[in-house]
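Reader: Please take one part of this model, its principal pocket, and describe it closely. I would then welcome a connected account of the strands and loops in the remainder of the chain.

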Amino acid sequence: FPSIRKNVTGTTTATNKYLSSPTDFLAVYSMAVIDGSGNYEYLLNKDVNFIRAAFPNPATTGIPKYYALFGPPTTDTNPPVITNELTFILGPTPDAAYSVELHYYYYPESIVTANTTWLGDNFDSALLYGALIEAYTYMKGESDVIADYSRRYEEAMILAKRLGDGMERRDAYRSGQVRMPVN
């Protein structure tokens with residue numbers, strides 16, 4: 001859902017090919033490097049292997065063109081400790097400090113700690129029936145009741161998918177009005 005997307009800016013460090021991700025990071029929507037003139041250069045998402053093969057020498061520097069999601073870093077302690085944060089690897093290694101703009105999907109705050117959630121405010125039926133399925137399955141409830149809850153959950157998810165896949169990604173000017181065939 002575009003409603004659970006954020007935008008942050010950061011800065012690369014010259015000769016450091018790694019960039020930290022936000023703590024609530026879920027997935028990338030887009031990443032751009034902003035050069036000294038204010039021009040946006042959108043980076044292409046590649047695999048770590050591609051970046052390592054294309055730029056085998058970390059001393060090869062320039063304005064980054066590619067990024068990959070890199071595993072969580074480890075500390076220099078003995079034994080090494082894996083941290084929870086993911087990082088990005090850039091290719092080529094930045095030759096200067098560039099501003100980076102990251103649009104990303106984030107983990108929303110837990111319904112347990114939040115007073116309100118986007119899902120609860122917009123798709124309460126999906127939340128309700130999903131919880132009922134889990135609870136009734138745990139209680140080893142009747143299969144016909146679980147089937148009814150499942151059907152209602154699927155209906156709620158279809159509406160949510162329609163919003164996420166189409167309605168929040170379109171506008172009437174570029175995409176035209178959504179038209180439903182009449183029988």
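Author: The largest pocket of this predicted model has a volume of about 310 Å³. A pocket here is an open set of points on a 1 Å grid over the protein atoms alone, where a 1.4 Å probe fits, with protein on both sides within 12 Å along at least five of seven lines. Its volume is the space filled by probe spheres set on the points, which are joined across faces, edges and corners.

Fourteen residues line the largest pocket, each with an atom within 4 Å of a point. Those nearest the centre of the pocket are Pro 108, Thr 117, Trp 118, Leu 119 and Leu 127. Three elements each give two or more residues to the lining: helix H2 (118-122), helix H3 (124-138) and helix H4 (143-165). Of the elements, H4 gives the most, with three residues. Helices (H or I, at least four residues) and strands (E, at least two) are DSSP runs, numbered from the N terminus.

The conventions may be stated at this point. Residues are numbered from 1 along each chain as its sequence is written, and side-chain values use heavy atoms, with hydrogens and water left out. Because the model is predicted, local features need pLDDT of at least 70 and side-chain atom pairs count only at pLDDT 80 or more, whereas totals for chains, interfaces and linings use all residues.

Two of the helices that line the pocket, H3 and H4, are joined by a loop that holds Lys 140 and Gly 141. Lys 140 has a phi near 55°, a positive value in a residue other than glycine. Its relative accessibility is 75%, so Lys 140 counts as exposed; the limits are under 20% relative accessible area for buried and over 50% for exposed, with partly exposed in between (1.4 Å probe, protein chains only). Gly 141, at 25%, is therefore partly exposed. Leaving aside residues up to four places away in sequence, Gly 141 touches Tyr 136 and Ile 146, where contact means heavy atoms within 4.5 Å.

In the whole protein chain there are five helices and ten strands. The chain comprises 183 residues, of which 27% count as buried. Its contacts between residues at least 6 apart in sequence include 66% that join residues at least 24 apart.

The strands may be taken sheet by sheet. Strands of a sheet pair through backbone hydrogen bonds, either parallel or antiparallel. Two strands are taken to pair if DSSP finds at least two bridges between them.

One open sheet has four strands in the order S1-S10-S3-S4, with antiparallel pairing. Its edges are strand S1 (5-11) and strand S4 (40-42), each of which pairs on one side only. Seven bridges link S1 to strand S10 (residues 99-106) in the antiparallel sense. Within that pairing, Gly 10 has Val 100 in S10 as its bridge partner.

Another open sheet, also of four strands, follows the order S2-S8-S7-S5, and its pairing is mixed. S2 and S5 are the edge strands here, each pairing on one side only. From the S2 side, three bridges connect S2 to S8, and these strands run antiparallel; Leu 19 is matched with Phe 88 in S8. Strand S8 (residues 87-91) is then antiparallel to S7 over five bridges, with Thr 87 in S8 as the bridge partner of Phe 70. The parallel part of the sheet is found where two bridges join strand S5 (residues 44-45) to strand S7 (residues 66-70). There, Leu 44 stands opposite Tyr 66 in S7.

Several loops between strands also deserve attention. Thr 15 is placed in the loop between S1 and S2. Although Thr 15 is not a glycine, its phi is positive, about 70°. At 63% relative accessibility, Thr 15 counts as exposed.

Asp 24 belongs to the loop between strand S2 (18-20) and strand S3 (25-34). Its relative accessibility is 17%, and for that reason Asp 24 counts as buried. With residues up to four places away in sequence left out, Asp 24 touches Lys 6 and a run of tyrosines: Tyr 104, Tyr 105, Tyr 106 and Tyr 107.

Lastly, the loop between S8 and strand S9 (93-94) contains Pro 92. The peptide bond from Gly 91 to Pro 92 is cis, and its omega is near -10°.
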